[in-house]
Amino acid sequence: MLTCEEMLGLLSDYVDGQLSPELCEAIERHMAECHNCYVVVDSLRKTIVLYRQLEPPEMPKEVETRLFRVLNLEDFLES
Ligand SMILES: [Zn+2]
């Protein structure tokens, strides 16, 4: 079984999908047994997913205005 250190060293390749199936399996097995690493990988994965989803399309001005109004953030709108 991987140590936590080995596991963390492989993480960036893991989330990039660059690892061999054997290593992925080793990582998944480690996560099943090690809550700390599970949490690290889980939050890393969520961050990456969010980051990919949030790559923001340019927001049309009127949508932004409406959104800010709904959120009561009109003060933050540039006039
Ligand atoms: Zn661990």
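Two residues are in contact when heavy atoms of theirs lie within 4.5 Å of each other. With that in hand, let us start at methionine 7: setting aside its neighbours within four places in sequence, methionine 7 is in contact with Leu2, Ile27, His30, Met31, Cys37 and Val41. Before going further, please note that this is a predicted model, in which local features need pLDDT of at least 70, side-chain atom pairs count only at pLDDT 80 or more, and totals for chains, interfaces and linings use all residues. Residues are numbered from 1 along each chain as its sequence is written, and side-chain values use heavy atoms, with hydrogens and water left out.

Methionine 7 also belongs to a bigger picture. The largest nonpolar core (buried Ala, Val, Leu, Ile, Met, Phe, Trp, Tyr and Cys residues joined through side-chain atoms within 4.5 Å) has 13 residues, and Leu2, Met7, Tyr14, Leu19, Ile27, Met31 and Val41 have the most contacts inside it. Helices α1 (4-15), α2 and α3 each supply at least two residues of this core; helices here are DSSP runs of H or I with at least four residues, numbered from the N terminus.

Now look for the zinc ion. Its protein donors (N, O and S atoms within 2.8 Å of the metal, or 3.2 Å for Na, K and Ca; water is not among the atoms, so sites may look incomplete) are Cys4 (SG), His30 (NE2), Cys34 (SG) and Cys37 (SG), at 2.0 to 2.3 Å. Along the chain, these donors follow the spacing C-x25-H-x3-C-x2-C. The 4 donor atoms subtend angles of 100 to 114° around the zinc ion, so the arrangement is tetrahedral, a label that requires all angles to lie between 85 and 135 degrees. Histidine 30 and cysteine 37 are both buried, that is, under 20% relative accessible area, where exposed is over 50% and partly exposed in between (1.4 Å probe, protein chains only).

What about disulfides, pairs of cysteine sulfur atoms within 2.5 Å? The whole structure has 0 of them. For cysteine 24, the closest cysteine sulfur is in cysteine 37, 15 Å away and therefore too far for a bond.

Finally, the structure holds 2 salt bridges, each a side-chain nitrogen of Lys or Arg within 4 Å of a carboxyl oxygen of Asp or Glu. Arginine 29 pairs with glutamate 25, their closest N and O atoms being 3.2 Å apart. Both lie in helix α2 (residues 21-33), 4 residues apart, about one turn of the helix. Arginine 29 is partly exposed at 46%, and glutamate 25 is partly exposed at 47%. In helix α3 (residues 35-54), aspartate 42 forms a salt bridge with lysine 46, with closest N and O atoms 2.9 Å apart. Lysine 46 counts as exposed, at 52% relative accessibility.

Methods: Four donors count as tetrahedral if all angles lie between 85 and 135 degrees; four count as square planar and six as octahedral if opposite donors are over 155 degrees apart and all others between 65 and 115; anything else is irregular. A disulfide is a pair of cysteine sulfur atoms within 2.5 Å.
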